[in-house]
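Hi,

Here is the structure I said I would pass on. Have a look at it first, and my notes follow underneath.

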Amino acid sequence: IKNKEAVLNSNLALGLYFKKHNDATNALKYMLAANKLAEETSDSSTLFTTVINLGTLYEITNDKAKALNFYRRALLINEKDNDDNGKAISTFKIGRLYYALGKKDSARFYLKQTLALHLKNKQERGLIFDYAYLGTTYDEEGDLKKAYDNWNMALLLGKKYSDSGRVNMVY
């Protein structure tokens with residue numbers, strides 16, 4: 001069993017290494033191997049790590065259907081574990097992906113779920129992204145009042161935390 005864990009950890013580390021260095025082909029190879037091994041364990045944290053990263057890698061390689069599948073799997077893992085932080089990560093990625101696919105209503109549905117989780121857990125820094133993306137969905141529909149209100153909330157929180165990167169993202 002320890003050998004299996006070592007192989008899992010090695011594949012995971014290599015997958016993350018190649019992802020960081022923008023080598024999606026090798027990152028996918030190692031992350032898929034890690035995922036296969038993670039599915040055989042009872043460690044939902046490692047399984048979540050492989051699944052959420054596979055979603056991101058498939059999104060990078062423009063295989064949106066596979067990305068969405070892995071993001072949904074990640075959400076199921078966190079729903080089972082009742083992990084609000086993991087749920088927030090998963091729902092945000094699903095919402096962002098739906099937005100990229102032009103499905104604004106679905107995007108808004110998941111982004112609002114993320115917003116609710118961040119509000120519940122008082123994670124104001126996470127709210128910055130939630131409000132910014134929600135604002136953008138409203139802007140594209142021409143609802144400038146809702147867009148402004150959401151962007152304004154993102155800016156206020158970004159300034160509160162002196163987070164210039166997130167403030168610039170909203171601008």
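Thr-46 sits in helix 3, which covers residues 44-60. Its relative accessible area is 13%, and the cut-off for buried is under 20%, so Thr-46 counts as buried. What does Thr-46 touch, if you leave aside its neighbours within four places in sequence? The answer is Leu-8, Leu-12 and Ala-38. Bear in mind for this and everything below that the model is predicted.

On to the charged pairs. How many salt bridges does the structure hold? There are 11, and I picked out a few to walk you through.

Start with Glu-39 and Arg-73, which form a salt bridge with their closest N and O atoms 2.5 Å apart. Glu-39 belongs to helix 2 (residues 24-39) and Arg-73 to helix 4 (residues 64-81), so this pair ties together parts that are 34 residues apart in sequence. As for how open the two ends are, Glu-39 has 43% relative accessibility and is partly exposed. Arg-73 comes in at 24%, which also makes Arg-73 partly exposed.

Next, Arg-108 pairs up with Glu-141, with 3.1 Å between the closest N and O atoms. Why is this one worth a look in terms of sequence? Arg-108 lies in helix 6 (residues 104-120), while Glu-141 lies in the loop between helix 7 (124-140) and helix 8 (144-160), so the salt bridge ties together parts that are 33 residues apart in sequence. Is Arg-108 buried or exposed? Buried, at 9% relative accessibility. Its partner Glu-141 is partly exposed, at 45%.

There is a network to look at as well: Asp-84, Lys-87 and Lys-120 are joined into one by salt bridges that share partners.

Last on my list is Lys-66 with Asp-63, another salt bridge, where the closest N and O atoms are 4.0 Å apart. The cut-off is within 4 Å, so keep that in mind when you look at this pair. Both residues are partly exposed: Lys-66 has 38% relative accessibility, and Asp-63 has 26%.

That's what I have for now. Shout if you want to go through any of it together.

Cheers

Key
Residues are numbered from 1 along each chain as its sequence is written. This is a predicted model: local features need pLDDT of at least 70, side-chain atom pairs count only at pLDDT 80 or more; totals for chains, interfaces and linings use all residues. Side-chain values use heavy atoms; hydrogens and water are left out. A salt bridge is a side-chain nitrogen of Lys or Arg within 4 Å of a carboxyl oxygen of Asp or Glu. Helices (H or I, at least four residues) and strands (E, at least two) are DSSP runs, numbered from the N terminus. Buried means under 20% relative accessible area, exposed over 50%, partly exposed in between (1.4 Å probe, protein chains only). Contact means heavy atoms within 4.5 Å.
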